[in-house]
Amino acid sequence: MITDIQKAIAGEKLDGWHFFNFLHRDPLSDRILGLDTERINSRPWYYLVPAKGNPIRICHAVEPNHLNDLSGEKIIYSSREQLIKALEEAVSHIGSNWGAQFSAELTTVSTLDYGTALMLEKCGMLSVISDPLDDGLTDVAKGKRQDLQDLIYGIMDGNEPDTA
């Protein structure tokens with residue numbers, strides 16, 4: 001899974017992709033990463049997947065095991081200052097252009113809130129809006145791919161995708 005994500009990131013000429021979730025507000029991140037949606041998610045976590053190299057898991061000390069099923073270096077934070085330091089450190093080693101579930105066109109997949117996007121930017125991590133990265137996503141945003149819209153809405157409603 002990570003190798004496929006990294007190939008897509010490199011293909012878009014990004015430094016990485018950051019997955020972020022808090023209170024399960026991003027069901028796509030949970031599904032893409034194969035995370036248990038029943039697990040308590042009362043603190044923000046970050047899963048940083050660089051175009052090359054090992055991912056970084058950043059979890060709050062209250063829920064330190066939340067991303068244990070995923071690969072990568074694990075960083076635990078217990079304060080905002082520690083979180084910012086961890087994010088700044090990642091940017092300094094990986095780069096600043098990161099993709100995110102952040103879209104002006106397709107709000108159903110835009111789950112990165114503006115406040116978090118600003119915090120990430122302050123840490124040096126520029127969140128590239130996902131709209132122009134994929135013509136397919138742009139087609140969805142313009143209503144040209146009803147099949148994909150139905151799939152996304154179905155997943156958000158808790159339905160398993162039909163892979164047949």
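Is lysine 13 buried or exposed in this predicted model? Select lysine 13 to begin: this residue is exposed, since its relative accessible area is 72% and the cut-off for exposed is over 50%. Lysine 13 sits in the loop that runs between helix H1 (2-11) and strand S1. Its backbone also deserves inspection, as phi of lysine 13 is positive, near 60°, in a residue other than glycine.

Next, select leucine 23, in the loop between S1 and H2. Here too the residue is not a glycine, and phi is positive at about 60°.

Leucine 23 leads to the next stop, for it is among the residues in contact with asparagine 41. Select asparagine 41, which belongs to the loop between helix H2 (27-33) and S2. With a relative accessible area of 3%, asparagine 41 is buried. Display its side chain together with the backbone of histidine 24: the side chain of asparagine 41 reaches the backbone nitrogen of histidine 24 at 2.9 Å. Setting aside neighbours within four places in sequence, the contacts of asparagine 41 are Asn21, Phe22, Leu23, His24, Glu63 and His66.

Now turn to the aromatic rings. How many aromatic pairs does a search of the whole structure find? The search finds 1. Select phenylalanine 20 and tyrosine 46: their ring centres are 5.0 Å apart and their planes meet at 40°, so the pair is tilted. Tilted is the class that remains when planes under 30 degrees apart count as stacked and those over 60 as edge-to-face. Phenylalanine 20 belongs to strand S1 (residues 16-21) and tyrosine 46 to strand S2 (residues 45-50), so the pair ties together parts that are 26 residues apart in sequence. Both partners are buried, the cut-off being under 20% relative accessible area: phenylalanine 20 has a relative accessibility of 7%, and tyrosine 46 has 2%.

Keep phenylalanine 20 selected for the last stop, because it is also one of the residues that line the largest cavity. Which other residues line the largest cavity? Add His18, Asp26, Ala100, Gln101, Thr111 and Leu112 to the selection to complete the lining. By class, this lining holds 3 nonpolar, 3 polar and 1 charged residues. The space in the largest cavity is about 40 Å³, and a search of the whole structure finds 1 cavity of 30 Å³ or more.

Conventions
Residues numbered from 1 in each chain as written. Predicted model: local features only at pLDDT ≥ 70, side-chain atom pairs only at ≥ 80, totals over all residues. Heavy atoms only, no water. Phe/Tyr/Trp six-rings, centres within 6.5 Å; stacked < 30°, edge-to-face > 60°. Helix = DSSP H or I, 4+ residues; strand = E, 2+ residues; numbered from the N terminus. Buried < 20%, exposed > 50% of the residue type's maximum accessible area, 1.4 Å probe, protein only. Polar contact = N/O pair within 3.5 Å; in protein donor to acceptor, adjacent residues only side chain to side chain. Contact = heavy atoms within 4.5 Å. 1 Å grid on protein atoms, 1.4 Å probe; cavity = no way out; pocket = protein on both sides within 12 Å on 5 of 7 lines; lining within 4 Å. Points joined across faces, edges and corners; volume = space filled by probe spheres on them. Nonpolar A, V, L, I, M, F, W, Y, C, P; charged D, E, K, R; others polar.
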